[in-house]
Amino acid sequence: MSKVNLEDIVSLCKRRGFIFQGSEVYGGLAGTWDYGPLGVALKRNIMSLWWKMFVEDADNMFGVDAAILMNAKVWKASGHVDTFTDPLVECSNCHARHRADKIDTSKCPTCGKSGTFGEPRQFNMMLKTYVGPVEDESAVTYLRPETAQGIFTNFKNVVDTLYPDVPFGIAQQGKAFRNEISPRDFVFRSREFEQMEVEYFVHPDHWEEAFEDWRKCVHEWFKAIGLPESMVHELEVEAKDRAHYSKRTIDFEFDFPHGRDELLGMAYRTDFDLQNIQRVSGKNMEYRPKDGSAPYVPHVIEPSFGVERAIMAVLTAAYSEDEVNGEKRVFLKLPAHLAPVKVAVLPLVKNKPELVAKAQEIYKTLKSCPLYSGAVMWVDTGNIGKNYRKMDEIGVPYCVTIDFQTLEDDTVTVRNRDTTKQERVSIDTLKKALSI
Ligand code: GAP
């Protein structure tokens with residue numbers, strides 16, 4: 001269990017502009033969240049790092065960006081219409097609805113009455129919608145509950161246009177929607193969220209090697225986003241708990257503030273999806289090896305990463321408290337490459353034009369430096385001590401302060417977030433002092 005309280009993270013996210021309740025001004029919409037200026041930057045940094053690691057830096061990986069709305073046949077063929085369900089129970093006293101597998105059904109967690117739940121019924125989690133102006137059965141489709149199907153349906157397109165050799169992977173990032181019975185634990189279980197998924201196509205005889213390779217890649221990812229090894233755990237999922245398509249699943253769990261829970265999943269999906277597409281669409285999904293050997297339908301290893309859970313894990317690992325000059329300090333020890341703001345520039349006073357001009361010059365130089373990708377913040381309201389605390393709370397690795405001495409000797413103060421140590425450096429060597 002993490003030592004961080006969920007309330008502390010939720011409150012920091014709201015106070016500092018990371019994540020807000022969706023539609024908050026109208027009383028909210030359960031299970032939806034809006035990202036503020038810092039949240040969107042953190043989210044993009046995480047997603048870009050993933051894309052770089054798993055697509056751009058790899059030799060055999062291809063990206064796609066498929067439509068969220070797909071032909072309803074996709075969800076019939078994939079088994080989601082029939083089996084993508086959670087067990088739902090309703091309290092006969094207060095009418096609260098809960099997921100039967102997540103609570104002790106002898107007592108209602110909402111009203112506290114015992115024996116108020118009947119038998120669970122299976123509730124399909126896909127969000128239904130109609131395409132076009134007529135709301136009849138032929139117009140029904142669903143907001144995708146996983147990005148994976150947009151990959152499977154493009155398998156042939158990628159093979160026929162780029163001629164990859166098996167093994168190869170197709171990756172996609174994007175929104176997914178699930179009508180969760182009880183969204184909970186901040187963004188952990190949302191109704192609208194984002195996934196980063198890979199379908200890695202292999203010869204059926206080689207799935208075990210690929211599974212082990214991906215297992216290592218997943219741990220490299222955890223390292224890259226700054227998660228301590230001690231907070232990550234693997235759970236071999238028993239057959240009865242696996243998704244309908246999986247012959248083997250490992251859940252990678254993390255010590256979240258609410259307890260140990262699933263951060264991401266990795267499944268051996270066999271040829272389940274390509275065979276279903278072949279059967280229902282009538283199109284051949286076989287792969288023809290270039291060496292002339294027998295064609296086959298590839299099998300699939302699927303590491304499936306949730307963006308919101310990655311954000312929660314990163315914030316949990318980064319959330320820190322210490323004491324500075326007898327006062328409690330909260331700071332986010334984010335890895336610099338994920339920090340939404342890399343450097344803050346603070347003029348000591350606002351009413352001395354030469355000092356502000358000097359600070360602006362430094363701000364513009366840093367802002368245009370590719371190393372910081374524009375993630376440089378100008379901070380000129382409030383007193384310097386309070387500003388340092390605000391920058392600590394949003395995880396800014398360095399603050400650069402321009403003061404009266406700067407005007408005399410072209411030096412500035414560089415303050416380090418983690419140590420709070422301040423160092424006087426010459427403007428000429430500033431970029432070196434700010435190496436991230
Ligand atoms: N394509 C496989 C698939 O979707 P999953 O285990 O259902 O597998 C994969 O979901 C990941 O998506 C989860 O490990 C989690 O990170 C994320 N995820 C699933 N449901 C979520 C929800 N309601 N809110 C936030 N993230 C969710």
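## Ligand contacts

A nitrogen atom of the ligand sits 2.8 Å from an N or O atom in the side chain of Glu180. Phe188 offers a backbone N or O atom, 3.2 Å from a nitrogen atom of the ligand. Arg269 places a polar side-chain atom 3.5 Å from a nitrogen atom of the ligand. On its own, the ligand has 550 Å² of accessible area, and the protein covers 91% of that. The model is predicted.

## The shell around the ligand

The ligand has 21 residues around it. Those that come nearest are Glu146, Arg178, Ser190, Glu197 and Glu262. Sorted by class, the shell holds nine charged, seven nonpolar and five polar residues.

Where does the space taken by the ligand rank among the pockets? The ligand takes the space of the largest pocket. Strands E10 (192-202), E13 (259-270) and E14 (299-306) are the elements that give two or more residues to the ligand shell. Which element gives the most to this shell? E13 does, with five residues.

## The largest pocket

The volume of the largest pocket is about 1300 Å³. Its lining counts 45 residues. Arg178, Asp241, Ala243, Asp251 and Glu262 are the closest to the pocket centre. Arg178 and Glu262 also appear among the residues that come nearest to the ligand.

Several elements give two or more residues to this lining. The helices are H4 (80-83) and H9 (307-318). The strands are E4 (85-90), E10, E12 (248-256), E13 and E14. E13 supplies the largest share, seven residues. So what is the class make-up of the lining of the largest pocket? It divides into 20 charged, 14 nonpolar and eleven polar residues.

## The second largest pocket

The second largest pocket holds about 360 Å³ of space. It is lined by 16 residues. Nearest its centre lie Val74, Thr153, Ile277, Ser281 and Lys283.

Helices feature in this lining: H3 (72-77), H6 (155-162) and H8 (272-281) each supply at least two residues. H8 provides the largest share, five residues. By class, the lining has seven polar, five nonpolar and four charged residues.

## The enclosed space

How many cavities of 30 Å³ or more are there? The count comes to one. About 40 Å³ of space lies in this largest cavity. Its lining consists of Met196, Trp221, Ile225, Leu263, Leu264, Phe305, Gly306 and Ala310.

E13 and E14 are the elements that give two or more residues to the cavity lining. Is the lining charged or uncharged? It has no charged residues; seven are nonpolar and one is polar.

## Strand E13 across the sites

E13 recurs in this account. It gives five residues to the shell around the ligand. It gives seven residues to the lining of the largest pocket. It also gives two or more residues to the lining of the largest cavity. E14 likewise gives two or more residues to the ligand shell, to the lining of the largest pocket and to the lining of the largest cavity.

Terms used. Residues numbered from 1 in each chain as written. Predicted model: local features only at pLDDT ≥ 70, side-chain atom pairs only at ≥ 80, totals over all residues. Heavy atoms only, no water. Near = heavy atom within 4 Å. Polar contact = N/O pair within 3.5 Å; in protein donor to acceptor, adjacent residues only side chain to side chain. Areas by Shrake-Rupley, 256 points an atom, 1.4 Å probe, with all protein chains shown as cover. 1 Å grid on protein atoms, 1.4 Å probe; cavity = no way out; pocket = protein on both sides within 12 Å on 5 of 7 lines; lining within 4 Å. Sits in = over half its atoms within 2 Å of the grid points. Helix = DSSP H or I, 4+ residues; strand = E, 2+ residues; numbered from the N terminus. Nonpolar A, V, L, I, M, F, W, Y, C, P; charged D, E, K, R; others polar. Points joined across faces, edges and corners; volume = space filled by probe spheres on them.
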